[in-house]
Every structure is written in structure tokens, then in C-alpha cells.
Amino acid sequence: MTSSDFPSPDAESPTCSAKGCRGAAVWVLAWNNPALHTPERRKTWLACEEHREHLSQFLGVRGFLKDVVKLDQWVQPEGSER
């Protein structure tokens, strides 16, 4: 995530990464694909309450999910991206 993922109070709030969802993001799902990424690299998806479990399962069954953190508690590790 970059600072642009956290808009100013005037701007639209971050939204869920689930296809077609425009719900407010509450969760950060940190993941990586070990076939493509170094072990320390983290990519992120955002999830609303409704889609957190579905997106977590999608990543988890593939062995990609590394962490699930509340958006307001997320600290971006170096090398992560959305």
C-alpha cells in the first residue's frame, strides 16, 4: 500500500478488492505468490467485513495468505504493494 491508498478526509475511502464490491475496506490481506515473489515481499488486498473470509480462503487455499490485519493497524512492510 502506498500513501495514496489512504486518501485525505475529502476523498473516497479505501474500498474492498473483491470483484464488483465498493464496500469500505476494513481488513488488509497480506500475501505473496512464492513462485513469483521473494519470501519477504508482500502484496495486499483490501477487504470489507463481508468479503474478508472469502478473499482469505481464496488466498489461503493457494498457500499465498501471510497475514490479515485491521486496516487501521496495518503497517506497510518494506517491499509490499497493493
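W27, L29 and W31 point one way from strand β1, while V28 and A30 point the other way, and every one of these residues is buried, where buried means under 20% relative accessible area, exposed means over 50%, and partly exposed is what lies in between, computed with a 1.4 Å probe on protein chains only. Put as a count, five of the five residues of β1 are buried, so that this strand can be called mostly covered. The general background is that in a regular strand the side chains alternate between the two faces of the sheet.

Before I go on, please keep in mind that this is a predicted model, in which local features need pLDDT of at least 70 and side-chain atom pairs count only at pLDDT 80 or more, whereas totals for chains, interfaces and linings use all residues. Residues are numbered from 1 along each chain as its sequence is written, and side-chain values use heavy atoms, with hydrogens and water left out. When I say helix or strand, I mean a DSSP run, H or I with at least four residues for a helix and E with at least two for a strand, numbered from the N terminus.

Now to the sheet, which is open and has three strands in the order β2-β1-β3, with antiparallel pairing; two strands count as paired if DSSP finds at least two bridges between them. β2 and β3 stand at the edges with a single partner strand each, so one side of each has no neighbour in the sheet. Neighbouring strands here are turned by 25 degrees against each other on average, direction ignored, and the axes behind that value are lines fitted to C-alpha atoms, for helices over the stretch in contact, with angles running from 0 to 180 degrees between N-to-C directions. β1 and β2 pair over five bridges in the antiparallel sense, and in this pairing L29 stands opposite W45 in β2. β1 and β3 likewise pair in the antiparallel sense over five bridges, with W27 standing opposite K70 in β3.

Which residues make up the largest nonpolar core? There are 11 residues in all, among them W27, L29, W31, L55, L59 and F64, and by a nonpolar core I mean a set of buried Ala, Val, Leu, Ile, Met, Phe, Trp, Tyr and Cys residues joined through side-chain atoms within 4.5 Å. The elements that give two or more residues to this core are β1 (27–31) and α1, and β1 gives the most, with three residues. A second, separate core has seven residues, including V28, V69, L71 and W74. Returning to W31, and leaving aside its neighbours within four places in sequence, we find this residue in contact with H37, R41, W45, L59 and F64, among others, where contact means heavy atoms within 4.5 Å.

Let us turn to helix α1. Its residues L55, S56 and L59 are buried, and they lie on the same side of α1 because they cover an arc of only 100 degrees around the axis, the arc being that of the directions from the helix axis to the C-beta atoms. On the other side of α1, H54 and V61 are exposed. The buried residues of α1 pack against β1, β2 and β3, and just after the helix G63 takes a positive phi of about 80 degrees.

My last topic is R52, which is found in helix α1 (residues 52–61) and is partly exposed, with a relative accessible area of 27%. Not counting residues up to four places away in sequence, R52 touches W27, L29, A47 and V68, and its C-alpha atom is separated by 8.7 Å from that of V28, 24 residues apart along the chain. The side chains of R52 and E53 meet in a salt bridge, 4.0 Å from N to O, a salt bridge being a side-chain nitrogen of Lys or Arg within 4 Å of a carboxyl oxygen of Asp or Glu. E53 is also partly exposed, at 40% relative accessibility.

How many salt bridges are there by this rule? The count comes to two, and E49 forms one with K70, with the closest N and O atoms 3.8 Å apart. Because E49 lies in the loop between β2 (43–47) and α1, and K70 in strand β3 (residues 65–70), the pair ties together parts that are 21 residues apart in sequence. E49 counts as partly exposed at 47% relative accessibility, and K70 is partly exposed with a relative accessible area of 30%.
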